[in-house]
Amino acid sequence: MQSTSTLELLPAVDVRDGRAVRLVHGESGTETSYGSPLQAALAWQSAGAEWLHLVDLDAAFGTGDNRALLAEVTATVDIKVELSGGIRDDDTLAAALATGCTRVNLGTAALENPEWVARVIAAHGDRVAVGLDVRGTTLRGRGWTRDGGDLYETLARLDSEGCARYVVTDIAKDGTLGGPNLDLLRGVCKATDRPVVASGGVSSLDDLRALGSLVPEGVEGAIIGKALYAKAFTLEEALAVVAP
Ligand SMILES: O=C(O)c1ccccc1N[C@@H]1O[C@H](COP(=O)(O)O)[C@@H](O)[C@H]1O
């Protein structure tokens, strides 16, 4: 399904211990630090971003949380925020939605607490996306440390419950600058008519062109992390590549 004609770009700000970081394959201990999350968010906003993918890695790993900081970032920026990490129950969901973020992204809860997630989808519709974080076609939760079932079975269940959107991450690609997994994205787009946000591996403007070619199949957006922090290209250049 085609949801937009232009690929949306979501620069990522992943936060661990109060700092903006990038991981490799999402593995704890592989952090490279890039300083203040608020400064990073404001820099992406100044460069023209319309979205921010904001992740509380401590909450995802179960090593604490950065909720107050993420709430401050969300309140300070004027752009749309997709908030992720550790949103697993009524309290964390209420706190996340109360930040004013445009939508939340649920990971572990969709694997471990399907009844709750079905209720949340029914109650909040488009404000809820589900993150499908996969190795091969096996989903991973709890900071990507635990298997959580089959991608396509879970996708069918979430589709039947009315899930509005999926954020699909190939863990093997994440933080590697190895290029996105286009076959995985094509497979997910074939299996659902809901929009898909691609995550993991973007390394070049050509990768963005390749993801842009999947918009007619259902890829709505792309999360960009390491490539921006490592200055493989600028966000301005990326936005120019996907502009209509
Ligand atoms: O983004 C990462 O690099 C990452 C690495 C390890 C774990 C999680 C990561 N990211 C985000 O966290 C949510 C899942 O959080 P939870 O399972 O709901 O607590 C996932 O969707 C990613 O956006």
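Here is a chat about the ligand, the cavities and the pocket in this predicted model.

User: Before we start, what kind of model is this, and how are residues numbered?

Analyst: It's a predicted model, where local features need pLDDT of at least 70, side-chain atom pairs count only at pLDDT 80 or more, and totals for chains, interfaces and linings use all residues. Residues are numbered from 1 along each chain as its sequence is written, and side-chain values use heavy atoms, with hydrogens and water left out.

User: What makes a residue part of the group around the ligand?

Analyst: One of its heavy atoms has to lie within 4 Å of the ligand. That rule gives 18 residues, and the closest are G86, R88, N105, G107 and T108. Helix 2 (57–61) provides the largest share of this shell, 3 residues. Helices (H or I, at least four residues) and strands (E, at least two) are DSSP runs, numbered from the N terminus.

User: How do you know that G86 makes a polar contact with the ligand?

Analyst: A polar contact is a pair of N or O atoms within 3.5 Å; within protein, one must be able to donate a hydrogen and the other to accept it, and residues adjacent in sequence count only if both atoms are side-chain atoms. A backbone N or O atom of G86 is 2.6 Å from a ligand oxygen, so the pair qualifies. The side chain of N105 has an N or O atom 3.1 Å from a ligand oxygen, and for D133 a polar side-chain atom lies 3.4 Å from one. The protein covers 96% of the 510 Å² of accessible area that the ligand has on its own, by the Shrake-Rupley method with a 1.4 Å probe, where for residues only the protein chains shown count as cover.

User: Why is the space around the ligand called a cavity and not a pocket?

Analyst: On a 1 Å grid over the protein atoms alone, a cavity is a set of points where a 1.4 Å probe fits but cannot get out, while a pocket is an open set with protein on both sides within 12 Å along at least five of seven lines; lining residues have an atom within 4 Å of a point. The ligand sits in the largest cavity, which means that more than half of its atoms lie within 2 Å of the grid points.

User: What is known about that largest cavity?

Analyst: Its volume is about 530 Å³, meaning the space filled by probe spheres set on the points, with grid points joined across faces, edges and corners. It has 39 lining residues, and H53, V55, L57, D133 and W144 are the closest to its centre. By class, the lining has 14 nonpolar, 17 polar and 8 charged residues. Ala, Val, Leu, Ile, Met, Phe, Trp, Tyr, Cys and Pro count as nonpolar, Asp, Glu, Lys and Arg as charged, and the others, Gly among them, as polar.

User: How many cavities of 30 Å³ or more are there?

Analyst: There are 2. The second largest has a volume of about 40 Å³, and its lining includes V168, D170 and P180.

User: And what lines the largest pocket?

Analyst: Among its lining residues are A43, W44 and K231. The largest pocket has a volume of about 170 Å³, and its lining divides into 6 nonpolar, 1 polar and 2 charged residues.
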